[in-house]
Amino acid sequence: MQFTKEDFGQEFKWGVSTAAYQIEGSHDVDGKGFSIWDTFSNKLKRIAGNQNGNISCDHYNRYTGDITLIYKLSIPNYRFSVSWSRILPQGTGAVNQSGIDFYNRKIDLCLELGIEPWITLYHWDLPEALQQKGGWTNREVVTWFSNFTACCAEHFGDRVKHWIILNEPMVFTGAGYFLGVHAPGKKGLSNFLAAAHHAALCQAEGGRIVRELVYDSKVGTTFSYSHIDPFSQDEKDIRAAKKVDALLNRMFLEPLLGMGYPIGDLKILKRIEKFMLPGDAEMLAFDMDFIGLQNYTREIVKHSFFTPFVKARIVKADQRDVERTVMNWEVYPPSIYNALKRFNSYPAVKEIIVTENGAAFQDLIVAGEVRDTQRIKFLHDHIEQVLLAKKEGVRVMGYFVWTLLDNFEWAEGFYPRFGLVHVDFETQKRVVKASGIWYRDFIRCKGREDIIDHKL
Ligand code: GCO
């Protein structure tokens, strides 16, 4: 269908998202403490090609140019995370003024340029000092995180009104404390369930603190969500898909909405009760102003006798002969439509913002340009699905592209390029890709016929 930005209405928020560890670099300067990602990449050497985020996009030194790019691209909302160990090097206690100053400079520049700053409090970079005390598996994290939240609210809350508490709790607890493929590299069901419960407590507690301390705030938190289909209509595959859906898509959202953990559809979650204290069930709930939805793909799930606990496995895109990104994720735009419909079906969800959507493709610079037509199509087709859902009455009020710059893609290192802007990691040169120009023109409501030839 033909559509323009106008079809979404004046109030709809268009934006772009980044995360501190993925772009900032300067991991050990100006008083910053180590985070679990500094340890995971430098000491444990667990990243593809032994890479790390020590320099990354050098955004700590180049933030002025980067935010100016957001301005030139006409993007009115910028979501970024703050590094906990840059602000509180030990995770708790003394504040590092240089860290506060850095984020104040970022916030002030955004406001000067008419860009609305959205802060994510936690995008996976726990201070290493706290990991030494058990990190997310230690219930004390609720106090540590509350203090950190209050500290950020006090320093930035006069100017920042949009707050996001956690980025994808399922991913950082699942990959970091169950599978061991993300920092801090811990494994096992007990680690996972403890970390998960404490993260779920923090997401609600963080919401309460921001609402109390920041006048006129809009507070939300984000969830990864992939539409899930069973591999076949076999009863076993259908059951397997339901369990994976409960784990990946419902485990953090439903307790926040006051519904408790989805134990009915995934019995193993009953074991989380071991970590619950009296009063926790109520503490898990909070009425967020908005829910952040982060969608990239869909998953196909098959029964698997040999997979412990869930007895299910994901059938990757390359085994299914479908269009895929360099992450080996299927390109499947209806997933975001289904996700929006699903979130909207919970009456307690007031408003939904797509806080991340994007794709990594093999981007090449040819004659100084990156003609990433696949990414343009990906964004176009996903935005179209958002509009479809919106037209059917879904309470979706914003869309943020993941991400501004090519950056450090966690365990995969620098290989997958997700940016609207290409980064040469040797020279730090930025080149706006054709998709960046396309997004700019879409936001400006210009005709999009020969988008590829527009210059910044
Ligand atoms: C996530 C994170 C981002 C990723 C992006 C691409 O969802 O994993 O929020 O930090 O870089 O999703 O994988």
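The exercises below work through one residue, the ligand site, the pocket, two cavities and a chain end of this structure.

This is a predicted model: local features need pLDDT of at least 70, side-chain atom pairs count only at pLDDT 80 or more, and totals for chains, interfaces and linings use all residues. Residues are numbered from 1 along each chain as its sequence is written, and side-chain values use heavy atoms, with hydrogens and water left out.

**Exercise 1. Place R86 and state whether R86 is buried or exposed.**

Step 1. Find the element. R86 is in helix α4, residues 84–87. Helices (H or I, at least four residues) and strands (E, at least two) are DSSP runs, numbered from the N terminus.

Step 2. Check accessibility. R86 is buried because its relative accessibility is 1%. Buried means under 20% relative accessible area, exposed over 50%, partly exposed in between (1.4 Å probe, protein chains only).

Step 3. Look for a polar partner. The R86 side chain comes to 3.0 Å from the backbone oxygen of G25. A polar contact is a pair of N or O atoms within 3.5 Å; within protein, one must be able to donate a hydrogen and the other to accept it, and residues adjacent in sequence count only if both atoms are side-chain atoms.

Step 4. List the neighbours. Leaving out residues up to four places away in sequence, R86 touches E24, G25, S26, V29, K32, Y60, N96, G99, F102 and Y103. Contact means heavy atoms within 4.5 Å.

**Exercise 2. Describe the largest cavity and the second largest cavity.**

Step 1. Fix the terms. On a 1 Å grid over the protein atoms alone, a cavity is a set of points where a 1.4 Å probe fits but cannot get out; a pocket is an open set with protein on both sides within 12 Å along at least five of seven lines; lining residues have an atom within 4 Å of a point. Grid points are joined across faces, edges and corners, and a volume is the space filled by probe spheres set on the points.

Step 2. Count. There are 3 cavities of 30 Å³ or more.

Step 3. Take the largest cavity. Its volume is about 70 Å³. R86 is in its lining, and so are E24, G25 and K32, among others. The lining has 2 nonpolar, 5 polar and 4 charged residues. Ala, Val, Leu, Ile, Met, Phe, Trp, Tyr, Cys and Pro count as nonpolar, Asp, Glu, Lys and Arg as charged, and the others, Gly among them, as polar.

Step 4. Take the second largest cavity. It holds about 50 Å³. Helix α10 gives the largest share of its lining, 4 residues. The classes are 8 nonpolar, 2 polar and 2 charged.

**Exercise 3. Characterise the largest pocket.**

Step 1. Size: about 1400 Å³.

Step 2. Lining: 48 residues, with V171, A175, L179, L248 and I314 nearest the centre.

Step 3. Elements: α8 (169–177), α9 (189–213), α10 (235–250) and β9 (312–314) each give at least two lining residues.

Step 4. Classes: 29 nonpolar, 12 polar and 7 charged.

**Exercise 4. Find the residues around the ligand.**

Step 1. Count. The ligand is surrounded by 13 residues (a heavy atom within 4 Å). Q22, N167, E168, E356 and E409 are the closest.

Step 2. Read the distances from a ligand oxygen to a side-chain N or O atom. For N167 the value is 2.8 Å. For W410 it is 2.9 Å. For W402 it is 3.3 Å.

**Exercise 5. Locate E11.**

Step 1. E11 lies in the segment before β1 (13–17).

Step 2. E11 has 56% relative accessible area, so E11 is exposed.

Step 3. E11 and G398 are 387 residues apart along the chain, yet their C-alpha atoms are 8.5 Å apart.
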